[in-house]
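Welcome! Have the sequence and the 3D view ready, and try each exercise before you read its solution.

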Amino acid sequence: MPGILMASDLSARSGHALERALQLAATLGAELEILHVVDDSLPSRLAEETGQSAYEMLSRDTAGAARVNLRFGHPWRVVVDHIAQRRFDLVVMGAHRDRGILDLFRGSVLHRCVQMSQAPVLVVSDRPVRPYARLMTATSFAARDAEAARLAARLAKGAMMRLVHAYRVPFGGLGYRMDETGDITKHDRDEIEEPMLIQLRQMQERLSRDGVTVDIGLIEGRATQALLDAMAREEIDLLAIGRHGAEGHVPMTMGRVASELLAHLPCDLLVHPGRLPQAR
């Protein structure tokens, strides 16, 4: 992996992301660049002083293990453009502070970068205390989900990985035989689940050919909550997903599940756009 970009806003959350980026760069033998963007709407003298202070702080924190790049401009636009120009293999960012309704209408820098980045984005939720050990990939059977699993396996060699698909019983169980608790019969559940299991096994086989070993499973419920519950039960420390609902030359929307996971981040999250940058 020749190129990792870590986008820093100097927050504590960015500090955690920087620690993870340094660990990954050392493990993978990757070049690491730290990008900090100073908003150019600030008064010029203040912007220059802020930039100089940030550059000195990041240079001290990385101790020569990364190249520090200071830029001026609109933060998310500069980050997204820089990713496109340099074609990084991975972008690392810290989880953002929830600003409630302001994020709903304007979108955070993190959300903008995740939904528009041409490279996979790793969102770090907390301070890394060890290499990744328990991975999960959530799939809707799209090719980009398999790419997410392959990259997660590279970031955490030897870690256990679960490949899961979340589903809900169609029409709230209407038309199926149910007991007094609302559970449908095993026969009907097997009939619902078998086509999904076939697709999971097919993806498992394709990943296995690439040297990625996964266990497979189905989880029932609304996708986001079902994933959150499963991650808590299995003590997952990295969830990998493909970026959905973001097609086109300049994607401006992001799938509901990815957006909701970013708002309730229980562990680190890897979001793959479904294509890898071209060789430089």
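Here are five short exercises with worked solutions.

This is a predicted model, in which local features need pLDDT of at least 70 and side-chain atom pairs count only at pLDDT 80 or more, while totals for chains, interfaces and linings use all residues. Residues are numbered from 1 along each chain as its sequence is written, and side-chain values use heavy atoms, with hydrogens and water left out.

**Exercise 1. The overall picture**

Find how many helices and strands the protein has, and what percentage of its residues count as buried.

Solution. Start with the secondary structure: there are nine helices and ten strands. Helices (H or I, at least four residues) and strands (E, at least two) are DSSP runs, numbered from the N terminus. Next comes burial: 49% of the 280 residues count as buried. Buried means under 20% relative accessible area, exposed over 50%, and partly exposed in between, with a 1.4 Å probe and protein chains only.

**Exercise 2. Asn69 and its surroundings**

Work out where Asn69 lies and which residue its side chain joins in a polar contact.

Solution. First, locate Asn69 in strand 3 (residues 67–73). Its relative accessible area is 13%, so Asn69 is buried. Then list its contacts (heavy atoms within 4.5 Å): beyond the neighbours within four places in sequence, Asn69 is in contact with Glu33, Ile34, Leu35, His36 and His82. Finally, the side chains of Asn69 and Glu33 are joined by a polar contact of 3.0 Å. Such a contact is a pair of N or O atoms within 3.5 Å; within protein, one must be able to donate a hydrogen and the other to accept it, and residues adjacent in sequence count only if both atoms are side-chain atoms. Although Asn69 and Glu33 are 36 residues apart along the chain, their C-alpha atoms are separated by 7.0 Å.

**Exercise 3. Asp237 in its loop**

Decide whether Asp237 is buried or exposed, and find which backbone atom its side chain reaches.

Solution. Begin with the loop between helix 8 (223–234) and strand 9 (238–242), where Asp237 sits. Asp237 counts as buried because its relative accessibility is 14%. From there, its side chain reaches the backbone nitrogen of Ala133 at 2.9 Å. Leaving out residues up to four places away in sequence, Asp237 touches eight-listed partners including Arg130, Tyr132, Ala133, Cys267 and Asp268.

**Exercise 4. Helix 3 against helix 5**

Describe how helix 3 and helix 5 are oriented to each other.

Solution. Take the angle first: helix 3 (residues 75–86) and helix 5 (residues 109–116) pack at about 25°, with their axes 9 Å apart. Helix 3 is therefore roughly parallel to helix 5. Angles under 35 degrees count as roughly parallel, over 145 as roughly antiparallel, 65 to 115 as roughly perpendicular and the rest as oblique. Axes are lines fitted to C-alpha atoms, for helices over the stretch in contact, and angles run from 0 to 180 degrees between N-to-C directions. Now look at the residues: Pro75, Trp76, Val79 and Val80 in helix 3 meet Val109, Arg112, Cys113 and Met116 in helix 5.

**Exercise 5. Two positive phi values**

Find where Leu10 and Ala63 lie, and how exposed Leu10 and Ala63 are.

Solution. Leu10 is in the loop between strand 1 (3–8) and helix 1 (12–28); its relative accessible area is 34%, so Leu10 is partly exposed. Ala63 is in the loop between helix 2 (44–62) and strand 3; at 67%, Ala63 is exposed. Leu10 has a positive phi of about 70°, and phi of Ala63 is near 50°.
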